[in-house]
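Visitor: I have a model open here and would like to go through parts of it with you. Could we take it topic by topic?

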Amino acid sequence: MVEAIGKRVLDKGWLAARSTEVDLTGVELTTTTPPSSDQSPWIEALIPGTVLATLVKNKLVPDPFYGLENESIIDIADSGREHYTFWFFTTFQCNLSTNSYVELNFRAINYSAEVYLNGHKEVLPKGMFRRHSIDVTEFLNSSGENLLAVLVYPPDHPGTIPPEGGQGGDHEIGKDVAAQYVEGWDWMAPIRDRNTGIWDEVSLSFTGPVKIVDPHLVSSFFDDYKRAYLHTTVELVNKSNLVADCTLNIQVGTEPEGDLILVEHLQTQKLSIPAGSHVQYTLPELFFYKPDLWWPNGMGKQSLYNVEITVDVEDHGESDSWSEHFGFRKIESDIDTTTGGRLFKVNGEPIFIRGGNWILSDGLLRLSKKRYKTDIKFHADMNFNMIRCWGGGLAERPEFYHYCDIYGLLVWQEFWITGDVDGRGVPVSNPDGPLDHDLFLLCARDTVKLLRNHPSLALWVGGNEQVPPDDINTALKNDLQLHPYFETNKNFKKEISPILKDPSEYLDGTRIYVQGSMWDGFANGQGDFTDGPYEIQNPENFFKDDFYMYGFNPEVGSVGMPVAATIRATMPPEGWQIPLFKKLASGYVEEVANPIWVYHKYIPYSKPGLVHDQILLYGTPKDLDDFCLKAQLVNYIQYRALLEGWTSRMWTKYTGVLIWKTQNPWPGLRGQFYDHLHDQTAGFYGCRCAAEPIHVQLNLATYFIEVVNTTSKELSDVAIEASVWDLEGACPYYEVFDTLTVPSKTTLSTSEIKYPNSDNAKPVYFLLLKLYKKSDDTKKVISRNFYWLHLPGGDYKLLEPYKSNKIPLKIMSLTFIKGSSYEVKMHIQNTSSTIGDFVDREKGQSWFRKILKNFSKKSSDVKVTEIGGAQSGVAFFLHFSVHTSEKDEKKGEDTRILPVHYSDNYFSLVPGEVMAVTLNFEAPEGITPRVMINGWNYEGGVTVSLA
């Protein structure tokens, strides 16, 4: 069958072998002596992936992420580069038609390579962040098997790892244009092969005589976003030795449902391309009236259009095609005059940034669409609106950006400079950055072309805590200068000026370039080390005037202990030992962690001299499960307070904050909201609560209730219900603060909670805040926030005996199954009663009746689980998890099914209260899932009936 125009990905059937164990040349491997999978030393390869990922897959080295196993794998500094120089081999077939052309594409390799195809050699030059395309038309066997071998070399300067570790090892990796985290950091162990390999997509592209290269799409807006234009510039390459008379077509449509596309625009242009030439062509702009705009998460819908560009050549037909989703949106950024912080606007609306720092999905570069989808959806689930791609990591891949487009995450993309490695670390090294500045700029420009059409991409930044060398910085400023349409505070009311260069002819032209992460509106704006801190804090400190002095903090971090099941899954039993709590003369406690936790970069929950141990506030943990459960309580409070503290000063002191970090690319024990296995910590849900667009919160420094409105609409006729619950199940305090109006994009301080100052205040109590619309007959809750609190100077130790209180629950569940996909809708009710029962219990029943109506389910499909209990009170810190069924369990194995997307988790219910929670997950083939509910009052957990 003749190959169709388009792309074929080569990700199957690859073999690999260490170069020193292969006696054949590349020519021999791809002509007379091809290898086979049953022939030593050849093994099955992981492509895309790294050498180390392939060795782990074949169990030739232990899993470097398990326990201390990374220490048993030889480091490239000790083995020499030859040890991690590998051959990769595959075969493919293709059947070409007349006047067809084929290119072999490598979207990225690390660090350089030799390519052999059917005995012909090509060299892939150095650089981790550049694309390579080779015209292989003349080398192909168009009617039979093609043999492809790739010899991949590691970075030129892999460096050595000092005994004390450090940020970026000995910094030698900074001499190359490559990811710098691979020599280790204070959150990451070294990667032994320095990520050598074919780490991104390999493909064949089939075209006719004319090829489309790197189209650039730009939208411009006029008349308050009523009128919009789509600008398009394409590069066209005529591969033939004849003049190509072409028809260039662009089609723009929407996808209302399924595979259907509703075409909104179709334009055709005629042009001739000289033989063997490479031309740039700008199409006439397309006009749109009130297009659906793309908005960040929490501001509106992520509307996307499908743009398809095709080129037809006379006497040949369709020669090439290109398609991509595109979002109409405008991002502006300037330094805010009130706060000094960097201010972002999307489609004219200011956006208060609440997001996190990102390194990469997996330290062995086992990247996939499925994993990216989970990663990015998790960030959206936390109500975040920005991800910063840190400069020591990757130029992230198009699949990453695709899901940021889908879920509305703005992206700060940094280039490959870090202060630690490039001139500001210990020891000082590489003050002039990488050795090859031209290579750095080539990689930077190619990265811009790869990513620039994504609406989620918000800004480029020169480096982490450092600016690039002067010549690189100057070149980037020039290359990434803004088109006049996108300069802040310029308002074009008339038609597009013919004098101005079309914006799609710029390399980018639509996004700002900031020279470094602590410059120009970030941190103190001058490049001083004014980001951070990175450890445990007293929760109330986040609300205080002196906590952070600048308008936008690009990095502030804290703890990140995962659940106990993750510790057991990623460490041997000696790693299950909890820290020793060493009492100091000062009265503070120092945590002494076991060596495996230290290796995995554990951050303690105490900071002697400043912060008392936050876990010990709940009592001394007795084992791993107890320690991790109490750590989740701290995680929730810590990160909710962090975001609420920043949001408390929205626009008056701050313009944004990015948490260091949202996750780890290995099983690290710090700064994360979900672990490497994709199980969320309670901090995830603390963030989800605090970052909701409309939010009610307690200022922990003043005990005033605040209402946050980040939306563009005024919030009127709302009320706040505040209720305090004690450990006996009574409600000693209840108050309604009504008839409030909260202006758009404002944090409003309302009234003080006076219970802590009352005569009969309990040492430990619960506070439930609800914000609701008064004019709504159902009193629908807009925002709900639950706190557990102690009196000043106290602790939470009374919660320990509260575990024995058995609070009755009723759980109704409705399960929808489509293939391996499960959606479980839960209705959880605290059925204990008390005098202070203010909740409409029918609300939950009506919720389920509505579901039955919408999904044609019968009442008999609803499964009920009742958990008995004789006491009244708060059902505290409930959390769901999904496992394999008991019949599918294997002794000693992790039974969790991951990932699971929960609409909420780690929640509490006051007497009579009802909550709806939805679970979405994929069950492995042949596995029956079961849902468990655990909680402070439900040690050991209870299985929830699904069928």
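Guide: We shall discuss a sheet, a helix and the cysteines of this model, which is predicted.

Visitor: What is the strand order in the open sheet of six strands?

Guide: The order is β3-β2-β4-β9-β6-β7, and the pairing is antiparallel. The edge strands are β3 (43-44) and β7 (120-124), each of which pairs on one side only.

Visitor: How many bridges join β6 to β7?

Guide: Strand β6, residues 112-117, is joined to β7 by five bridges, and the two run antiparallel. Within β6, E114 stands opposite V123 of β7.

Visitor: Now helix α4. How many residues has it, and how far does it reach?

Guide: Helix α4 covers residues 369-381, which is 13 residues. From first C-alpha to last it reaches 18 Å, close to the 18 Å expected at 1.5 Å a residue. Just after α4, N383 takes a positive phi of about 65°.

Visitor: Which elements do the buried residues of α4 pack against?

Guide: They pack against β21 (353-358), β22 (386-389), α5 (398-407), α11 (682-690) and β41 (900-902). The buried residues include R371, Y372, I376 and F378.

Visitor: Changing topic, how many disulfides does the structure hold?

Guide: The structure holds zero disulfides.

Visitor: Why is C404 not bonded to C389?

Guide: The closest cysteine sulfur to that of C404 is in C389, but at 7.0 Å it is too far for a bond, because a disulfide requires sulfur atoms within 2.5 Å.

Visitor: And what about C443?

Guide: C443 is in no disulfide either, with the nearest cysteine sulfur, that of C389, 17 Å away. C443 counts as buried because its relative accessibility is 0%.

Note on methods
Residues numbered from 1 in each chain as written. Predicted model: local features only at pLDDT ≥ 70, side-chain atom pairs only at ≥ 80, totals over all residues. Heavy atoms only, no water. Pairing = 2+ DSSP bridges. Helix = DSSP H or I, 4+ residues; strand = E, 2+ residues; numbered from the N terminus. Expected span 1.5 Å × (residues − 1). Buried < 20%, exposed > 50% of the residue type's maximum accessible area, 1.4 Å probe, protein only. Contact = heavy atoms within 4.5 Å.
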